[in-house]
Amino acid sequence: MANLPLVRDSFGSRFGVVAAAAGSAVGLGNIWRFPLVTTQNGGGAFLLLYIGFVLLIGIPVMMSEFAIGRKAQLNAFGSFKKLAPNTPWFLVGFMGILTAFAILAFYSTVAGWTLEYFYQAGTGKLLMAENMEKNFSEFSSGTYRPLIWQLVVMLITAVVVYAGIKKGIEKFTKVLMPVLVFLIMLLALRSITLNGAMQGINYLFLPDWSVVNFRTVLMALGQAAFSLSIGMGTLITYGSYIPKDNNLLATTTQVAFTDTFIAILSSLMVVPAIFALSDITVSELSAGPGLVFEVLPDVFKSIPGGSILAVIFFALLSVAALTSTISVLEVVVAWLKEELRLSRKSATAIAAVSITMLGVLATLSFGELSGFTIFGKTIFGILDYTSANILLTFGALFIVVFVGWKLGKSEFILEISNEGTIKSYLFKVVFFIIRYIAPVAIGIVTIATFFVRGIV
Ligand code: PHE
């Protein structure tokens with residue numbers, strides 16, 4: 001039993017806030033998942049839908065989360081309990097904690113793969129492999145190797161989270177985020193200047209609306225929520241560490257812009273290179289989670305300096321993943337620490353160990369447990385699909401309804417204007433979207449998909 005410190009740990013600088021929140025947002029969601037779902041769902045049309053959702057829903061939800069957390073100065077669960085005492089709203093916070101479990105469980109699997117690939121690229125083994133598909137499937141369907149890497153991921157994550165907000169999360173992300181942005185720009189530049197890259201660029205930017213259906217729209221919404229880290233309380237938790245004089249509108253805009261910029265840049269890094277250098281077709285392109293692990297290594301193999309670029313790429317992917325995993329773990333740790341009054345150390349240990357147990361099942365979905373499916377999806381597939389498209393979208397819905405209808409306009413504007421110190425007509429616009437437009441938009445997309453296609 002430890003007493004809560006008198007002064008709550010917080011971010012120390014404006015850049016620290018943006019680095020940590022952007023560090024959470026930018027991750028495998030941008031580099032691994034975004035190019036994958038974009039190519040699976042029609043390229044340019046998906047991209048436009050995605051950008052629409054970031055503006056219309058992402059930004060208002062992100063601001064709502066920051067405002068809730070900073071106002072309450074508590075974890076995701078405690079914030080709802082404090083701001084709406086004696087009501088069932090705490091359930092939204094609780095759902096967020098569960099979502100954190102689901103996301104980190106499968107996310108740590110993929111983060112583990114990136115570490116393995118960083119290792120393989122560094123030792124030269126990767127580019128020596130004859131057949132990249134075989135190389136990936138042999139590794140990912142194994143038992144010990146992917147599990148060990150998953151453990152390494154969870155261990156690094158736990159160490160950073162244990163070190164705290166200023167000394168752990170902020171320090172780690174402040175150094176690594178700029179490096180990440182620089183490396184992605186470098187690789188995207190390489191990819192779009194390859195001969196034949198134009199076909200991929202066209203695929204990404206020329207919308208083909210004939211492939212769009214309700215499911216595609218839901219996928220775009222789910223991807224936006226996943227990529228911006230909204231809908232489960234990560235940003236409520238981080239919001240509670242943001243100093244009271246921080247301009248939340250500016251922070252939100254910067255984070256959402258960085259995240260979207262990196263998602264697009266990542267597609268520019270992955271898709272044109274694939275079109276230029278391999279002979280696969282779009283339908284093959286959309287198969288399985290292997291885009292980055294099977295196709296890209298072939299690309300690296302065929303360009304000068306590829307062995308160095310491969311090391312850079314997988315280092316970058318690992319960094320992006322780790323700055324996100326820490327933000328997800330922090331959701332659970334802050335909850336355990338503040339609600340169950342555990343020390344940061346025990347909270348971190350309990351959270352990391354229990355999530356790893358679920359994570360093992362996700363990792364084994366590619367090997368021992370690959371035959372175990374529900375609705376035709378493996379455990380990994382279920383965790384991935386439901387967390388982004390169901391849990392996060394409903395989470396986002398509840399969060400905007402909470403701010404729009406329960407917390408209310410004056411409380412919300414008081415918080416985001418720093419008690420009236422900042423004046424902007426945009427606050428009212430954002431509140432209008434939060435109260436009316438975002439809930440209707442999210443509601444239509446989620447419910448329509450349910451009726452049209454069945455939920456999974
Ligand atoms: N936004 C992260 C990514 O794009 C994933 C994430 C989702 C992190 C939800 C926190 C909460 O990789």
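How far apart should the ends of the 30 residues of helix H13 be at 1.5 Å a residue, and how far apart are its end C-alpha atoms? To follow the answer in this predicted model, select residues 248-277, which make up helix H13. The expected span is 44 Å, and the end C-alpha atoms are 43 Å apart, which agrees with that expectation.

Keep helix H13 selected and bring back the surrounding protein, since 21 of the 30 residues of H13 are buried, so that this helix is largely enclosed by the rest of the structure. Then centre the view on the start of H13, where Asn247 places a side-chain oxygen within 3.2 Å of the backbone nitrogen of Leu249.

**The ligand**

Select the ligand next, which sits in the largest cavity. The elements that each contribute two or more residues to the shell around the ligand are helix H1 (14-25), helix H2 (28-40), helix H5 (90-122), helix H11 (214-228) and helix H16 (306-339). In total, 16 residues surround the ligand, and the closest are Ala25, Gly29, Tyr107, Phe226 and Ser229.

Which backbone atoms should be displayed here? Begin with Gly29, which has a polar backbone atom 2.8 Å from an oxygen atom of the ligand, and then show Leu28, where a backbone N or O atom lies 3.1 Å from an oxygen atom of the ligand. Turning to Ser227, a polar backbone atom of this residue is 3.1 Å from a nitrogen atom of the ligand. With a surface switched on, bear in mind that the ligand has 320 Å² of accessible area on its own, and that the protein covers 100% of it.

**Two residues in the helices around the ligand**

From the ligand, move to helix H16 and select Thr323, which lies in this helix. Is Thr323 buried or exposed? Its relative accessibility is 0%, and Thr323 therefore counts as buried. A distance drawn from the C-alpha atom of Thr323 to that of Leu91 comes to 27 Å, for two residues that are 232 residues apart along the chain.

Finish in helix H5 with Phe94, which is found there. Because its relative accessibility is 34%, and partly exposed residues are those between the limits of 20% and 50%, Phe94 counts as partly exposed. Add Met232 to the selection to end the tour: Phe94 and Met232 are 138 residues apart along the chain, while their C-alpha atoms are separated by 9.0 Å.

Technical notes. Residues are numbered from 1 along each chain as its sequence is written. This is a predicted model: local features need pLDDT of at least 70, side-chain atom pairs count only at pLDDT 80 or more; totals for chains, interfaces and linings use all residues. Side-chain values use heavy atoms; hydrogens and water are left out. Helices (H or I, at least four residues) and strands (E, at least two) are DSSP runs, numbered from the N terminus. The expected span of a helix is 1.5 Å times one less than its number of residues. Buried means under 20% relative accessible area, exposed over 50%, partly exposed in between (1.4 Å probe, protein chains only). A polar contact is a pair of N or O atoms within 3.5 Å; within protein, one must be able to donate a hydrogen and the other to accept it, and residues adjacent in sequence count only if both atoms are side-chain atoms. A residue is near a molecule or strand if one of its heavy atoms lies within 4 Å of it. Accessible areas come from the Shrake-Rupley method with a 1.4 Å probe; for residues, only the protein chains shown count as cover. On a 1 Å grid over the protein atoms alone, a cavity is a set of points where a 1.4 Å probe fits but cannot get out, and a pocket is an open set with protein on both sides within 12 Å along at least five of seven lines; lining residues have an atom within 4 Å of a point. A molecule sits in a cavity or pocket if more than half of its atoms lie within 2 Å of its grid points.
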